[in-house]
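Colleague: I would like to go through this model with you. Please give me the reasoning behind each label.

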Amino acid sequence: MTLPFVLSLLVGCDPHDATVSGDFAMYFAQATSSNILRVKQDYDPVSCDYALTDPLDEALDDMDEGDFLSNLFEEDDCWADHVAAEEQFQADYNLKPIDCRTFDGAPYNGNAVRIRDSLVPGWEEQYEDFCCAEAHDEDADNDPDGNIFTTDDCTVRRGRYSTFPTEKAFYLHTGSLDGYRQEAVLTAEGDLQLTVHVTTQFGDMRFGWVIDPDFSPTECVEDENGKAVEQSLFEDGNWIDGWSQNDPDGMTVYYLNAGAVQANPNKVDDYWYFHRTWSAGAGFSRFGDEDAYMFSTDYIDYALDDAGNYSVNPMWVGTDDDGKVVSGYGNYGTEQYPELNCGDGDSCSRYDDYADFYQGMADNFNNGGVTRDDEEVIAVDRELEELAGLPHDDFPFNVKVEDNSWRHTEEGAGTDASGFDGWVSANPNWVRFNWSREDLAAITTGTLSKPLKGDFQLYMYSSDNTGSVWFYRGEFEITKVAEDVWGYDELEDIKRAENDTPECGE
């Protein structure tokens, strides 16, 4: 599968091959987003020196805390003008400030003036109640004091998966996927691509997904007679059937896994990159001035310690021939996703088997629960609500955890991580269809005999390093599929010839 591209000129000036409904959530990085920097230049043009900007000013020594804060926010006319302009900007562009950074370390070092100048006005009043762990525990004696400038009483809440809310200040902008153009195309490679264009206050927004309807990766091996034959990769059968087997609605599931990577559990700096034929699909987007990458499937977690250092932990367990876990994930204290909701007789000291491992990961992502240390864990699916201001009822974010219990494992090979058995993965990007895998593999161009319906979710981040993050979710109904008349259906044969790549058995 090649990288997706937007075929906006191929099928007429205003195609409507599908109906799409749903929502988007755009987290613009406040200080670096190209969209924000462009539209905000007409606001807050005042340039002046705030009173008491020197943190070493002797006048500060003579003020109690109340007078100091009053000078910063109430009696400073320049600051008041800045706040008024900011409030107008947020109202005009439907923006909600989100900011859960820590301020006790560099470059703020707890300095009130630096913190004030860094904050997006409107958020400081909510900071401690929203961002501080002390405001959410049951200990009434350690409640935050309501003053953001005393940072020693606030332990910032961190997501295990959605870590971006503590990295920058953001503006949250939401809207519906009421688009003016919907293009469904069957590419020359046989991939199905849906692209949607939506008008926003920041300009044209376009997004989409592309999947290989006949996705079934194979490998060339020798049979018992020494003859080269094609077989399913790792003898795992059909991946789409495996991905879809536990879908609660009986839908056909495609994970958008382009760009996924594993890490060798025995040497975690040895990354295993997927061959392009292992990619079932991809997502793409541009929002106003900002291009995006897709946040790909995770087979690895990256645990962040208090010093800001990451540890790499492959989401894999090795098992013996009885199916018991003997190695891998669960070196307690380093894993990002602890075992949750342990039952009677389970000490939570070790994953029992692969099913136990999978359920522990699924609980972390989809259900939440309690650790062996009685720590309450927010489900990853709820982190956008709990940590980034996006109500789950309005935007039901759902990371699908891959259950690979259907994969093939050779006897005695349960501790070999080179396949996909023993692994789980976290999939924030996916598409589901009401058609069967066989019907999707046979899809053709033209008006469809029956509507192709389904739903999707995409998680994107800025390819321009602006720090912006955005999400899409919704439903679709495709009634017509256009032909990619500019494609090259002989491309694979051309590349094989150019690279002298033989077919299996040649």
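**Labels and their reasons**

Modeller: Let us start with Cys504, which is partly exposed, with a relative accessible area of 24%. Keep in mind that this is a predicted model.

Colleague: Why is Cys504 called partly exposed?

Modeller: Buried means under 20%, and exposed means over 50%. Cys504 has 24%, so the residue counts as partly exposed.

Colleague: What makes Cys220 partly exposed?

Modeller: Cys220 has 43% relative accessibility. That value lies between the two cut-offs, so Cys220 is partly exposed.

Colleague: How do you know that Cys220 and Cys504 form a disulfide?

Modeller: Their sulfur atoms are 2.0 Å apart. The cut-off is within 2.5 Å, so the pair qualifies. The link is right-handed, with 75 degrees about the S-S bond. Cys220 is in strand 7, and Cys504 is in the segment after helix 10. The two are 284 residues apart, and the pair links distant parts of the chain.

Colleague: How many disulfides does the structure hold?

Modeller: There are three. One joins Cys100 to Cys131.

Colleague: What makes Cys100 and Cys131 a disulfide?

Modeller: The S to S distance is 2.0 Å. A distance within 2.5 Å is required, so this pair passes. At -80 degrees about the S-S bond, the link is left-handed. Cys100 sits in the loop between strand 2 and helix 4, whereas Cys131 sits in helix 5. They are 31 residues apart.

Colleague: Why is Cys100 called buried, and why Cys131?

Modeller: Cys100 has 4% relative accessibility. Cys131 has 0%. Buried means under 20%, so Cys100 is buried, and so is Cys131.

Colleague: Which residue is paired with Cys132?

Modeller: Cys154 is, with the sulfur atoms 2.0 Å apart. This link is left-handed, with -100 degrees about the S-S bond. Both Cys132 and Cys154 are in the loop between helix 5 and strand 3, 22 residues apart. Cys132 and Cys154 are buried.

Colleague: Where else does Cys154 appear?

Modeller: Cys154 helps line the largest cavity. Others in that lining include Phe103, Asp104, Tyr127 and Glu128. The volume is about 70 Å³.

Colleague: How many cavities of 30 Å³ or more are there?

Modeller: The structure holds one.

Colleague: What makes up the lining of the largest cavity, by class?

Modeller: There are five nonpolar, three polar and two charged residues. Asp and Glu count as charged, so Asp104 and Glu128 belong to that class.

Technical notes. Residues numbered from 1 in each chain as written. Predicted model: local features only at pLDDT ≥ 70, side-chain atom pairs only at ≥ 80, totals over all residues. Heavy atoms only, no water. Helix = DSSP H or I, 4+ residues; strand = E, 2+ residues; numbered from the N terminus. Buried < 20%, exposed > 50% of the residue type's maximum accessible area, 1.4 Å probe, protein only. 1 Å grid on protein atoms, 1.4 Å probe; cavity = no way out; pocket = protein on both sides within 12 Å on 5 of 7 lines; lining within 4 Å. Points joined across faces, edges and corners; volume = space filled by probe spheres on them.
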